[in-house]
Each structure stands twice: as C-alpha cells, then as structure tokens.
Amino acid sequence: MNLFQNRSKKLFGCLLIAVSLTFFIGCASSVKTNEDGIPVKTEFPLKYQGNKYLVDYSKYGEFVNVGKTSYRYRITDIRGLRMAVGAGVYPNIEYAKMNPEYEDLKGKGKLKGNHWEPKSSLAAQFYAWLDAPEDYGVRQFFAAKALKDAGHLMQAIKAFYAVIVHFPNSVCYFKNSSNYWFIAEGARMELEKIFAQNPALGLAHEGVTIKIKSASGSKKAKDSVFVTPGKIVGKWVGMENGTGLPERFYVKETRDKSLLDQPLTIADPGTEDIVDYAKYGTFTGTDGSEPYKYEITDQAGLAKAVGEGIYPNVESVKQNPQFKQFEEAGWLKDGPWANFSLRSHTLNYYNLALKNDDIAKTMFIRAEILKEAALKHRDSKVALHALKAFYSVLIHFAGVGVWADNKLYVWYLANAIFTKMEFIVEQFPELGLELEPTYVQIKNKNEFNTANDTVYVELGKIVKKKPAKKVKLSKLKIVEKRGEGKVRLVKYENGHWQMLVNNKPYQVRCVRYTPSKVGESPHNKTLRNWLVTDDNNNGRADAPYDSYVDKNKNNKRDPDEPIVGDFQLMKEMGVNTIHFLHAPVHSTGSVDYYDDKENKFVSEKEFPKEILRDMYKTYGIRAIIGDFFGAYTVGSGADWEGGTDYSNEEHCKRMLKSVRHMVLDNKDEDYVLAWQLGNENNLISLEGVINATKTSASQDPVGFAKFLNRAAKMIHELDPDHPVIVGNQGTGLIEIYNEHTPEIDILGMNVYRGKEGFGELFYYAKRTYDRPVIISEFGCDIVDFHPDTILYNEESQAEYHAGTWGDIHANYAGGPEDGNCLGGVIFEWLDEWWKSQLGPWDMQDITKDMTYAFQDGFASEEFFGIVGQGDGSDSPYLRHPRKAYYFYKDFWAKHRY
C-alpha cells in the first residue's frame, strides 16, 4: 500500500474511509462557489497571500535526487520563497499569525485545547494547527485542510503542494494505533480533489509520483519513499506563462490608502505643556515613605490641561477632524487592533480611540504610538504629547503589571515609562526637558497575584533640562574596592563604579560567542563545541580561525575574500571580551559532568585552553566564563521534571563541584576576565517548584540567594583575582540579593526592553543593590513581520543596538547618568539555526518565538546574530556582518574608555 501502512488487512476497509481525512476536522464546511466553481466568499479573511501566480520552486532552490529515496528540496532563497508562497505556507507558516484574527482568537482562548479536536470555527482550526507541536509536515497538511474548507483555495493548493515538496517522509499516526499514513500522499490526493471539484481554476498536477515501499513491520524508519514532486500548471489563455489566476479570485482593498501616510496631528494639545498635577488632585506617598496614590479633584480642569487622548481626556480623540477622515473612509470599522500591522501610526492612534477597556494598557500603547509618530515625522509637538502621555500613565497607573504572553513574568508599566521618556527627551533636545530622578518600588511583585502588589513612589517632575556635567574620575576619591587582584572594581565618591584590569579602566565590550554549524542541534544531540570543531582538518578550530566575509553575498568564497576568522573580525569591531558557558556541548550531546566515583569531571576532551590563550595573546580578547549553576539541571544532577532544588544539599554539592572545577581549571589564565553564576535562574514559575530554566530560585529566593553567596565566597577563596557576576533575568530578586549576597561583585542582567535603552534600570539597581552592573544579554533579531512581506531589517537591528549601547555608554563611569554600568554582552555574535525547536535544523526558521519590544513586537530567535551565515551552504565558515556590526565598529573606534 502506498498511503497507509498497517499489519492487518482487516483494517483496510476502515482506513479507506479516512482517505478524505475529513474525520480529523469536524468543523469543515463546503466552499461557497459561483456556477463556474470559483469561490465567492471565504469563511475568514487571510492577508499576505504571496504572489498571484503559482510558485516556481526552481527559482528559490534545488530539487535533489528526484524520484529517489534520498529526494529533498534545498532552499537557496528562503526570503524569496516566503514572499512567493504567502501566509500559512511553509516556509512561511508563522507569518499567517500576523492576521488580526489570530491574536483575537488566541486572546479569547479559542485556540486552547487539543488541536485534533474540532474548533469553534475554521479560522480557529487553521490557527490552532499553526501553533500545534507536531512536525511541520503534519501542521502544514491540516492547516491546508482548513484553508481549503474556508474557501482559500489558492493558499490551500500552495500549502498541499508544499507538503509534497518539503516533507515527503512526514507521517501521521492514527489515534491509539501504530498505523500511520504518509502526509505527502494525502496532500497529493487532496490536490486532485480540489482540481476535480473546481474545474474553473484550470489547474492540474503533472508529473507527480509518490511511491512507498513498505518493509516488514509498521515502523516508518523501515519504509522507502520515492518522490517526484511534479508541477502544478495553469491553463488559461492570455495569462502570464499560463500560471496565473483570475483577478476576481483576489479581494482588493478599496479604502483610501493615502490616508495611512498622513502625519498625525494633535488638534487639542492641552493648556499646559508641563502639567502641574498638584493643581488638579491630591498626592499620597510621593517621597516613598508610604504607598503611593493620586486622586483627581478637578477632572474637567485636568482634562483641559493634558489635551486630547491623555487620561482622563481619553475620549476627546474622536473630536479630532483627522479621526473623522479615517472614520468616513472606513478604516475604523474593523476594530481597534485590526490594522495595526499596516504600521500607520496615524491610523493606530485613531483605532485605539475605539478601545475603552483596560485603560492603563491602552494609555501606554497610545503614548507609544505618539512617540513613534513623532520620530517618523520629526514632530516635536507630537513628541511633547507623547511625553505627557507617558507621564500620565506614571501618575495614574504606576503599579499596573502586565503578564507577558508566555506567562513567565510580569512587567510593570512604570519601569518601561522611564525608558520611553528618557528616549524622547534625548531624541528631541529642542524640547529642553527631562524627567527628574523617579523611583518606583513594587513590593510583593514576585508573587503571582498582582493584586497583592503595593506601590511606593519617589516621584520626580518633568522639568527644564540642566546642562550635563562631565566627571573626571581621576580627581575623585575611591571609597570602596571589590578585589585586590588583576581585575578589580572601584567605587568613587560620586557613586560611580569602574572595572580596572591591571590598573587600567576597562569597559566590557562583549559578545555572546556560541557559533554553530548549520544543521547541528542540541535537540537531536548533534551540536558540537566550537572550541573543538575542525571540519577542514587543518588542525585549528573552524569558526575562530577559518571564517571569511562573503562580500558579494553569493554564498561562496571568492578569490578576493580572504580567510580571517571570527577572532580577527571581533578585534576589528572593537570587541574585548567574549562570554560563554564552561560546560561545553560535545558531538554526542554530552557535557562536562562530575563523576563522584572517579572524583573528577568527565568530558570527551580536555578543555582546549590553547585557543583561548591565543585569543588573548594575539587578539587581546578576554572571556567571561559562566557556569549554568543548575539552570536546565546542568551541574546539579537533578532530573528534568523536578528541576534543580537549591534546598537539596546533593544538588548543591554537585553544583559547587562544577563551579570549583571551572575556577581551578582557568583561574591562572590571562584570558579570564570574570566568572558568571547562572543564566536567568531567577525566572518566575507559574506552577510547581521549577521555572522555565528548571530551577527553584523563584519559589525559594532566599535559599537561592544564600547558595549563590556560598558559591561566590568559594570562588573568592580559590581566586582573588577575578570578580563574580550573577547572571540574572532583569532586576528580579535584587532586593533579596542585597540582603543575602554580600560576596557577589557584579549584578548581571539580561534585558530586552527596546531600542530606547534600559530606562530606570541603572538607577533602580543603584538604589536597591549597590553593585556595578553589566547588561549580560541584550540584542535584537533582524526579522520584521511587515504587511505583504517579511523584511530582513538590518537597519532596525542596528537602530536597536545603537539605542541600547548608547544607554550603556551614558551610564558608564564618568558619564552623565548613574555611572554604575561596566558594559554589556551583545546577544549574539552569530545566528544559531537550531533555536526553533520544531526544526528542520538546516533551515533558518522564521517564527514568532515570543513577544518582545522589537520592531515588529516579536522575537525570531534564529536571527539574533550581528553576523549571519548566508544561506547556510558554507557553514561554519561564511560570514555576513550586518549593519549592527558596523555600528559597533564605528562607535567603539570613536569612544575610548
């Protein structure tokens, strides 16, 4: 049999019923068509449908070993293919989530539950399959089924054909059975049905063959699949290459798009540029001595002062003549979130006027829209209104917390506001304004019930900006020292902290360095350690020494493209430090571990110090070496489900052995800059005793802090020459660290707040836990989910890095800000193609891994590198430095420390 594989012929009759496969989707409905069989209505809207012609796959890749068991399609132009196939079709499956219906259905809980069960609508069925955990072949097939049933025939055709092209070996098992069927064969049958039932489409599938030679037994690994994908062809007279579709198949936008480019105008800016809130209400606790509160006593007066759209004057936006224009043109009929993806700040501003629930978050988003509109058109009046809007949120909603989409943590509006306001006054110096130091403390914020939060505020005002004063540290007295060795930390009388290396100032200009070869992944235990990878067998590590810059981006090395190596590229950029974790991943997937019987750490190879010694001696680059400290159970010996428990003495002993080994193995080497303990071990937990990093730190913060201090003390006893960093997620637990971790030298924080920088973070850390700070992770991907296409937006990534490093630099010792930042760790040097757990590992996968404050609101984790690997065909050697790389190269050359 070529479709179903089973051991019992008695099942064959039952299985034939499944050929149509409709029993998997209980909500399917018949497609509404005209007399010619052309769909006249779809069950749900679908934007970004790619080009209007059938996809010519030969333009975007190569068909390898057609008709053989080793058949595969290798993509060479993934961006072009994604644009051609459109939303919901591999390799562009995730892009369909840009449709407003996805967020709406997800927000209403319509996508929850078993994706195999019928959903409330075809739209829900479609989007549920996009989020399903199955492999891409299965997800694509059932998403295509939903597209077909909903009337999106062209996208369904593209999707079914994509199954055949990309996933010939993908299978689907029947429920509670060892029997299965091949997805590709099912897709071929679905295509034949569509063409037969819709003759007006004029399409046919030519040259396709899918033969499955079944071995004994029912395990798919023993089956041989022979695939010839063939082509889908069209047969209309007068159509380009005979591969088009009638224009009437496509829904056209009739609304006036020119309105979307109009600059935003503020009809009512308010009577006060800097609002004196004390005139219109009463404050409680503005000095931080008691819980903060503001009560309005003159609402009408305050509404006039703040102007349109700013609380409590939120409804006045509808009186703006520009609002009437958009309303009459029909742009506001789709609801407040419907057209956010069009990225018209003006439209979004008026769309948001239709939303009157959750006023705190609505006001924050409105202020953000105003800020972006001001930047786009360089409008200082709109910038001032944005500043007032953000300050209004601080006044009225300082303690409002918002759960992240992944439910791993709560972020507070107040924390983000400082960042936004500082950014506005920096970008629009003509305003001549600044926000006075403001301190917001949320007590009980690490609990899961935000209703228990208590807000304390030391409230600063918006005031006229004072000239910044430069500080000459050499004239100041040193009031505190941490360490006496090669690398030490000093605090000056003005509160600024500085790192000294061999008695010279050192700003940490660091990149996370974990280069990997395309196709390797820890998910299938093939990822090797960059320190030992030597595929060209020349006796030296590939990535550090044998990489080259592909100048013309033709994905191969030309005669004028010399081998330079990553270390040399880093040196030219200005990097002085790399960060990596000490427990390396080996070719078998194993890591360094402590063998209690042998009383030593065991690994495949000795830690290759010679490379790191040369990195320092030849290129002047040092290393921050980190220990997982129980994260993901590495070093603790804990089981995955239970996670690392910091109250478990056996776990603690193993972790201390791991840390001891790291220090003793490297402490006398010149390449060492500092030690880091953990990486986001403090993430909060929603259930059980472990969090996403598989530790109990958030459930037992005091126990974790005490053990952290115990390990740091041990390091200081073993090595007085190098400081100890805690690798934290944001500012979580730092109040507890202040009480229980006197041995920690540096507060490392992984922070992704947006292109504006880090806001009050440095000030908050200074007030709460007086240690020097390193931003131990920050960065941005290059993927930009944009209407009608996907952009690889290097400019936006570079803009993000410019804003964040600018904030780091401003808070460096002697600078105009808080002076407690030692530098930062860019995440990351090189794209890692294995980050999406769905695979395949030899394809760089665009997915919305999580929401982040990036250009499109999402993170695509396989695209964080400031250097890319091209199409992956010459990995691990080929390098494409991005604009962010050149930003740092220029900035660091101009700004010495």
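The exercises below, each with a worked solution, explore a predicted model of a protein chain.

**Exercise 1. Describe the overall make-up of the chain: how many helices and strands does the chain have, and what share of its residues count as buried?**

Begin with the secondary structure, where 22 helices and 38 strands are found in the chain. Turn next to burial, for which the answer is that 57% of the 897 residues count as buried. A last step concerns contacts between residues at least 6 apart in sequence, of which 67% join residues at least 24 apart.

**Exercise 2. Work out in which order the strands of the barrel follow one another, and whether their pairing is parallel or antiparallel.**

The barrel is closed by 8 strands, and their order is β22-β24-β27-β28-β29-β30-β31-β34, with parallel pairing. From one strand to the next, the twist averages 25 degrees. Two of the pairings can now be followed residue by residue. Strand β27 (residues 622–627) is joined to β28 by 5 bridges, the two strands running parallel, and in this pairing Ile-625 stands opposite Trp-675 of β28. Strand β29 (residues 724–729) is likewise joined by 5 bridges to strand β30 (residues 746–750), again in parallel, and here Gln-729 stands opposite Asn-750 of β30.

**Exercise 3. Decide whether strand β28 is enclosed or open, and find which helices lie across β28, β30 and their neighbours.**

Take strand β28 (residues 672–677) and count its buried residues: 6 of the 6 are buried, so the strand is largely enclosed by the rest of the structure. Helix α18 (residues 701–718) lies across β28 and β29, and runs at about 155 degrees to β28. Helix α20 (residues 761–768), for its part, lies across β30, β31 (773–778) and β34 (821–826), and runs at about 135 degrees to β31.

**Exercise 4. Identify the edge strands of the open sheet that contains β38, and say how β37 and β38 run.**

The open sheet is formed by 3 strands in the order β23-β38-β37, and its pairing is mixed. Its edge strands are β23 (548–549) and β37 (867–868), each of which pairs on one side only. Strand β37 is joined by 2 bridges to strand β38 (residues 878–881), and these two run antiparallel. Within the sheet, Gly-868 stands opposite His-880 of β38.

**Exercise 5. Determine how helices α12 and α13 are oriented to each other, and which residues meet between them.**

The axes of α12 (residues 380–397) and α13 (residues 413–427) come within 10 Å and cross at roughly 160 degrees. Angles over 145 degrees count as roughly antiparallel, and α12 and α13 are therefore roughly antiparallel to each other. Their crossing is left-handed. Among the residues that meet are Leu-387, Phe-390 and Phe-397 in α12, and Ile-417, Phe-418 and Met-421 in α13.

**Exercise 6. Compare the two helix contacts of α15, one with α22 and one with α16: at what angles do the axes cross?**

For the contact with α22, the axes of α15 (residues 566–573) and α22 (residues 883–894) come within 8 Å and cross at roughly 50 degrees. That angle makes α15 oblique to α22. This contact is made by Leu-569, Glu-572 and Met-573 of α15 together with Tyr-885, Tyr-888, Lys-889 and Trp-892 of α22.

For the contact with α16 (residues 609–619), the axes come within 11 Å and cross at roughly 35 degrees. The crossing of α15 and α16 is right-handed. Phe-567, Gln-568 and Lys-571 of α15 make this contact with Ile-611, Met-615, Thr-618 and Tyr-619 of α16.

**Exercise 7. Establish how many residues of helix α4 are buried, and against which helices they pack.**

All of the count falls on one side, for 9 of the 9 residues of α4 (residues 122–130) are buried, so the helix is largely enclosed by the rest of the structure. The buried residues include Phe-126, Tyr-127 and Trp-129. They pack against α3 (100–107) and α5 (136–149).

**Exercise 8. Classify Ser-647, Cys-172 and Cys-652 as buried or exposed.**

Ser-647 lies in the loop between β27 and α17 (649–666). Its relative accessibility is 55%, and residues over 50% count as exposed, so Ser-647 is exposed. The C-alpha atoms of Ser-647 and Asp-700 are separated by 8.2 Å, although the two are 53 residues apart along the chain. Cys-172, at 3% relative accessibility, counts as buried, and Cys-652 is buried with a relative accessible area of 1%. A search of the whole structure finds 0 disulfides.

How values were computed. Residues are numbered from 1 along each chain as its sequence is written. This is a predicted model: local features need pLDDT of at least 70, side-chain atom pairs count only at pLDDT 80 or more; totals for chains, interfaces and linings use all residues. Side-chain values use heavy atoms; hydrogens and water are left out. Two strands pair if DSSP finds at least two bridges between them. Helices (H or I, at least four residues) and strands (E, at least two) are DSSP runs, numbered from the N terminus. A disulfide is a pair of cysteine sulfur atoms within 2.5 Å. Buried means under 20% relative accessible area, exposed over 50%, partly exposed in between (1.4 Å probe, protein chains only). Axes are lines fitted to C-alpha atoms, for helices over the stretch in contact, and angles run from 0 to 180 degrees between N-to-C directions. Angles under 35 degrees count as roughly parallel, over 145 as roughly antiparallel, 65 to 115 as roughly perpendicular and the rest as oblique. A crossing is left-handed if the near helix is turned anticlockwise from the far one by less than a right angle, and right-handed if clockwise. Contact means heavy atoms within 4.5 Å.
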